[in-house]
Amino acid sequence: MATENTPVKKNDLIEMTFEDLTHDGAGVGKVNGYPVFVQRALPGETGNVKITKVKKNYAFGRLMEITKESPDRVDAPCPIFKQCGGCQLQHLSYQGQLRHKQKQVREVLARIGGLEDVTVHETIGMDEPWRYRNKAQVPFGEMEGGLIAGFYAERSHQIIDMNECAIQHEENDTVVQLVKKIAKKYGIRGYDDKSHKGTLRHVVTRYGYRTQELMVVLVTKGKELPNKENLIEEIRSELPNVKSIVHNINSKRTNVIFGDQTEVLWGEEVIHDYIGDIKFAISARSFYQVNPVQTQVLYEKALEYADLSGKEHVIDAYCGIGTISLFLAQKAKHVYGVEIVPEAISDAKKNARLNGVENVDFAVGEAEKVMPWWYAQGVRPDVIVVDPPRKGCDEELLETIVKMQPERVVYVSCNPATLARDLKYLGDRGFETKEVQPVDMFPHTGHVENVAILELKN
Ligand code: SAH
């Protein structure tokens, strides 16, 4: 809403210079100190902007023309970059993206964590920052021309039909194109979220980079999957690497992809992949990092920071399917993993068995409840690793870390803001942040993952 006191009004045309970039890739310029956010504008650039939305403390604008271009600007290679909400930074050179992520982490740590002097290393990027995703989740729908499958337009629920995604592994693109072709042939209809009618809602594909195994998951609105046998037969004959074809039923009106009912249509329940030397079984619904190349980089960094000699007891909080735990177990005396999702813990146990790892224990529950219980049982780890979701660690968990007095804490984070908050909490209670390593797990998007090492001061 436009107010009298804002320096710009809706539909104003202004020329402005951009100073900064937000975490979701918008350029930031200021009019008398009042920030205007403009998608696809870069720091150092000057451009003509049309104001599209005005709020009390900030506004949004559309970039109409660039009058001075950043040397870091590149042509986005993806033809639907502007419509699709998946990537935000394709117009910035890859080296520019890595520098931007490092700077962003540095600033957030200083602003929220009061950590002005901590070393933030250069972001570790990928040699080949395209085609890195091992999982695609593609919505299906209907348009006048028939069945479509693609991605949601930025901030909307409109599906843009497409066949190729520049950050997706080629195999996943191939699967989606193929299912679209076969479904069209058999008259299977795409789902329409407005009328809640139609059949096929999503196709989810997972690809094991190392094993080359493929999983195809068909998510439908009801139990019916017309021409099921033909569908399976054609998928199998066209994709010899398919190891698992799964049917999931989601009959709710929801944005959530999966419903509760899952049935294997053909093949195995899981596919396998490796991170380093460790083999993982991955089922349709379990959490598994989407960038396998950088996951290994991230975990190796975590292991290096944990600095294990074989004598240590280690806790891995928020352990998922045990990925980091099994990595740590190779070098530790004993690892305790804790995770809230029961299926993930049952996968973690299977994965331990699959690799013959015996020095781990996994517990289901809220980490902030299980850790105090471990503490009460006398568990005193030498090293604690945490890898929480975006909202960061619960205060009760941080409190328990302080009570346990480990020598080192390794903090793996997908959100710099909550990382900074938690490092400050621990910093005020005797744990010094030594260094932070940003790792680029999601090239061309605004996301950045970090590993921090903290040491107990004595
Ligand atoms: N370390 C794993 C998973 C990290 S993602 C890996 O790298 O693959 C964060 C995990 O925290 C998810 O598996 C999520 O289910 C779990 N989680 C979320 N809240 C939790 C809580 N309060 N207690 C324990 N685990 C939680």
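This is a short talk on the overall fold and the ligand site of one protein model.

Morning, everyone. Keep in mind that this is a predicted model.

Overall build to start with. We have nine helices and 22 strands in the protein. The radius of gyration is 24 Å, and the globule rule gives 23 Å for 458 residues, so the protein is as compact as a globular protein of that length. Along the principal axes, the C-alpha atoms fill a box of roughly 65 × 65 × 40 Å.

Now the packing. Of the 458 residues, 55% count as buried. Take the contacts with a separation of 6 or more: 64% of them come from residues 24 or more positions apart. The accessible surface is about 21,300 Å². Carbon and sulfur atoms hold 47% of that surface.

On to the ligand. How many residues surround the ligand? There are 17, and the closest are Tyr-299, Thr-323, Glu-339, Ala-367 and Asp-387. By type, the shell splits into nine nonpolar, four polar and four charged residues. Two helices each supply at least two shell residues: α5, spanning 323-329, and α7, spanning 367-376.

Next, the polar contacts. Tyr-299 places a polar side-chain atom 2.5 Å from an oxygen atom of the ligand. Thr-323 also has a polar side-chain atom by a ligand oxygen, at 2.9 Å. With Ile-340 the backbone takes part: one of its polar backbone atoms is 3.2 Å from a nitrogen atom of the ligand.

And how much of the ligand is covered by the protein? On its own, the ligand has 580 Å² of accessible area, and the protein covers 87% of that.

That's my part. Over to you.

Notes: Residues numbered from 1 in each chain as written. Predicted model: local features only at pLDDT ≥ 70, side-chain atom pairs only at ≥ 80, totals over all residues. Heavy atoms only, no water. Near = heavy atom within 4 Å. Polar contact = N/O pair within 3.5 Å; in protein donor to acceptor, adjacent residues only side chain to side chain. Areas by Shrake-Rupley, 256 points an atom, 1.4 Å probe, with all protein chains shown as cover. Helix = DSSP H or I, 4+ residues; strand = E, 2+ residues; numbered from the N terminus. Nonpolar A, V, L, I, M, F, W, Y, C, P; charged D, E, K, R; others polar. Rg over C-alpha atoms; globule rule 2.2 N^0.38 Å. Buried < 20%, exposed > 50% of the residue type's maximum accessible area, 1.4 Å probe, protein only. Contact = heavy atoms within 4.5 Å.
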